[in-house]
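Please open the structure in a viewer and keep the sequence panel visible. The tour below proceeds from one selection to the next.

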Amino acid sequence: MWRVRFRERQEWQFFANLPRAGRPLAASWWALVGLRAVLPPVFAVTTGLVIGAVQGRSSTTGPLVAMGLVFVALQVSAPLHQTVSESLGHRVSAWLYDDLTASCVDPPGIGHLEDPTLAGDITVAREFDSGHHGPPMEVNLPFIATGLIDLGTGVASAVVLLGYAWWAPLALVTAWGATHWLLRESAVWKDRNTDVVREASLHAEYAFRLAVDPPPAKELRVFGLADWSLERFAQRRRQLFDLQQAATRLRERSLALSVVLVTAANVGVLAALAHDASSGAVPLGRAVVYAQVAVGASLIAFGGLNWALDGAAAPVAAVLRLRTTAREAGRLSRLGTESAAGRPSAEIRFRDVSFAYPRTDRQVLRGLDLTIPAGSSLAIVGQNGAGKTTLAKLLCRLYDPTGGAIEVDGTDLRDLDVVEWRSRVAAVFQDFTRFELSLRENVAPLGAPDDDVLAALAAAGADHLAPLDTVLSTQYAGGLDLSGGEWQRVALARAVCAVRRGAGVVLLDEPTAQLDVRGEAQIFRRLLEATRGVTTILVSHRFSTVRHVDRICVVEDGRVAELGSHAELMSLGGRYRTMFELQAQRFDLTADEEGVEYDVLR
Ligand SMILES: Nc1ncnc2c1ncn2[C@@H]1O[C@H](COP(=O)(O)OP(=O)(O)OP(=O)(O)O)[C@@H](O)[C@H]1O
């Protein structure tokens, strides 16, 4: 039982995981801790030997040489250990980053990344590096080393003191050891894992990112938010410090009791030693050694080790904890094994699908039924928040439905191999990713022949943007940034390229929202051509594009309210027609010199 509890302690987890940063380095670090811990009492003993030799008029050469050697070892080992500690700290940070990154990317779902509690946990776990309320790992490890050396020196001194009397080290070790127990709460921030701390960390981190990341830089300046973000960052950090201080404040009673215990033990031992030395019961050389080690035993006291260890061990424990919690929150109900190759060949069917996001009560979808014939195109329209993007996420299996099922050719999507299924799907989400990579990698992140990349760029009207090797970010040498519409074309090219490489389903969530009207009409026509024969699902508020697809589905109250072709829904005279006409009132249909029709504002 106690073993389990001990292993669960964050300090144990910290030390047990140190070798992961590099076995030889961790072993050297421990060896130097041991060496530096015993050197001071050994030095005290050699001092005693020198005094004894002088007093006894025997040769002082041997004791002096020994003393010199110990002194040199003391001097050399300190800077060496500092370097080893820093380097170990860097490596520990590196594996913590690896672990944290793996915890975030390994789960097949995305629930863990959209969960507010876990988002806070991830920020707290990153404390080992961000150091918002404590030093980072490479600074903390030398502190921990010094603390351990002090503790070891204290114990070794107590062992030497056994030569004087058994009760002396017992009294000192008990008194100094009791300070750990009495003052412990002032070092350990027990309630660090609370909502308040999580929230303050999250806000501090966000305010920091607002200040340093390029995307918010425009609004920050235009809306005069620079001072606001700085103040917010400082205020949240202050709040974290205050929370830490309040939780780890020294309590007067514990402090007073520690002082009484320590004073009584030291006075007792030193007075007895002084008496024995003056009476001649203990020779001078030995008395000097015992006095030194009695003082040395004080290094056992509660101190820097406790503070540094808590600061380093808490984020390590948080990172280790996230392995489980993130895996659980990002879990899918099951990982299917059936092949997804060639699917869908007949249809995709949403059968009575319901869905609520984790930790929320609101049913975004409630008993939605929808069949999409393979190879056809379907547009999903509906008001903001109707659940259109959620449908797309479910189809990509980023979440599983909470009720009902999505079937592909009659097989539950949950039974299909998830990785294989995703390789069948190409998606451009509303908030698509702008990879800080080359244009080529943006179009084909996993690689593709240049012919495919160029053809995809041409289909998306993005073949003129830049040479394929250009990095799409001005933060890199020779890099280039694109306009919103140009980025959208690149994202569309990514989907087209995936289709050329074998994807059978294309999901386009507001794919043309940032394109100018002429570009939208042209690109959408080319896109439909490039994805002909592929099941295409388009989410859009732009009815000028929506009307070109085979069928349109209106989602309302978590269900399909209307389904049919543009002509069918117009003659139905329901929701779709109202929405279409509302938008059409504001536009005129125009054709350009190539005969491409597009809307212009009246
Ligand atoms: N990760 C999430 N956690 C909790 N609720 C969410 C999450 N994502 C979306 N929602 C909620 O689910 C509902 C549907 O969102 P969804 O993004 O699917 O709407 P949408 O129809 O695509 O809207 P829009 O037209 O504005 O893009 C909204 O009420 C939204 O607040």
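The stops that follow concern a predicted model.

**A pair of helices.** Begin by selecting helix 4, residues 61-105, together with helix 7, residues 137-161. Their axes come within 7 Å and cross at roughly 135°. Helix 4 is therefore oblique to helix 7, and the crossing of the two is right-handed. To view the contact itself, display the side chains of H81, Q82, S85, E86, L88, G89, H90, V92 and S93 on helix 4. On helix 7, the partners to display are M137, E138, N140, L141, P142 and A145. Coloured by class, the residues of this contact comprise six nonpolar, seven polar and two charged.

**The loop before strand 1.** Next, select P344, in the loop between helix 14 (304-329) and strand 1 (347-355). The peptide bond from R343 to P344 is cis, with omega near 0°. Proceed to D352, which belongs to strand 1. Which sign does phi of D352 have, positive or negative? The value is positive, near 50°, although D352 is a residue other than glycine. In general, most residues other than glycine have a negative phi, and most peptide bonds are trans.

**An annotated span.** Now select residues 348-582, which an unreviewed UniProt entry lists as "domain: ABC transporter". This span is 34% helix and 24% strand, and its end C-alpha atoms lie 31 Å apart.

**The ligand.** Finally, centre the view on the ligand, which has 13 residues around it. The nearest of these are Y357, N384, K388, T389 and T390. The shell consists of three nonpolar, eight polar and two charged residues.

Terms used:
Residues numbered from 1 in each chain as written. Predicted model: local features only at pLDDT ≥ 70, side-chain atom pairs only at ≥ 80, totals over all residues. Axes fitted to C-alpha atoms, helices over the stretch in contact; angles between N-to-C directions. Helix = DSSP H or I, 4+ residues; strand = E, 2+ residues; numbered from the N terminus. Parallel < 35°, antiparallel > 145°, perpendicular 65-115°, else oblique. Left-handed = near helix turned anticlockwise from the far one by under 90°. Contact = placed C-beta atoms within 7 Å. Nonpolar A, V, L, I, M, F, W, Y, C, P; charged D, E, K, R; others polar. Near = placed C-beta within 6 Å. UniProt positions renumbered as here; feature names shortened; annotations may be inferred.
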